[in-house]
Amino acid sequence: MRCSKYSANGNDFVVFHSDVKEDRTELAKELCHRQDGVGADGLIVIVPNSDYDFEWQFYNSDGSHADMCGNGSRACAHYAYVNNLASSSMSFLTGAGIIKAEVDGDMVLSELTPPKILEKNIEINGKSWWLIDTGVPHLVHLTENIEEFDIAEARELRYKYNANVNIVSLDGKNLKVRTYERGVEDETLACGTGMAACFYRAYTEEKVTNNIEVYPKSGDTLYLGMNDKTITFRGRVKKTFETDWVL
Ligand SMILES: N[C@H](CCC[C@H](N)C(=O)O)C(=O)O
């Protein structure tokens, strides 16, 4: 069975496809373990679907299921295309709904599900958070200093709101984002739905225009824009390893 490792701007995933949709919680924990396994932030398994190009199963590295993963959707689309599971333009079923993706070489664009502002102005310790759903829940705080990311505070908020936790700062007309990811239980080098939530808050508050660049912890460049009601998310993905692995 083909099994690939992808990095989507530092957010990394093990990806394979199977005819069988089954619980892979334990496999996700094993494969994602940084020392005893392949090492990744998540596991993506592509399975057949009668209505769309395919369906996916997404697991965080702790084995928890998540409905959506922005970076994972781009890695998954690239894997599906290069393994002839879909054409370069595809639609696939996730826990958050249908995701459309377009593969152009190593650049992949995902159209995320319509963002939803769940709560505004959650005042905690002098910070004002918005809770935004971009396929999974994200707390977003607009900061002056992106270097000041209090991981302990982020971890506390992650459990209190069962959400990923992001800080975002303006960088000219673009944005810098840092994310503490639920299910990885640490800061990751990039979080796609997190960048989308940060973009959506800044855009809603008219602090940025449409179609901007967003720079995650890895320093890579991602491109985000509003397309009527959905957020488009584009950037490079890199296949870092591949094996015809016997499961
Ligand atoms: N950890 C997230 C899922 C992965 C999100 C992130 N990797 C992305 O690129 O959107 C959660 O459990 O809500």
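**Two cysteines and two asparagines**

Let's start with Cys 69: at 6% relative accessibility, this residue counts as buried (under 20% relative accessible area; over 50% is exposed, in between is partly exposed, with a 1.4 Å probe and protein chains only). This is a predicted model, where local features need pLDDT of at least 70, side-chain atom pairs count only at pLDDT 80 or more, and totals for chains, interfaces and linings use all residues. Residues are numbered from 1 along each chain as its sequence is written, and side-chain values use heavy atoms, with hydrogens and water left out.

Cys 69 sits in the loop between β4 (54-60) and α2. Helices (H or I, at least four residues) and strands (E, at least two) are DSSP runs, numbered from the N terminus. Leaving out residues up to four places away in sequence, Cys 69 touches Asn 11, Phe 13, Trp 56, Phe 58 and Thr 193. Contact means heavy atoms within 4.5 Å.

Which residues does UniProt list for "active site"? The unreviewed entry gives Cys 69 and Cys 191; such annotations may be inferred rather than shown by experiment. They span 123 residues in sequence, yet their C-alpha atoms are no more than 7.8 Å apart, so they gather at one spot.

Now Cys 191. Its loop runs between β13 (186-188) and α4 (192-204). Cys 191 is buried too, at 5%. Beyond four places in sequence, its contacts include Asn 11, His 138 and Glu 181.

Last, backbone. Most residues other than glycine have a negative phi. Asn 84 has a positive phi, near 55 degrees. Asn 84 is exposed, at 71% relative accessibility. Asn 162 also has a positive phi, near 50 degrees. Asn 162 is partly exposed, at 42%.
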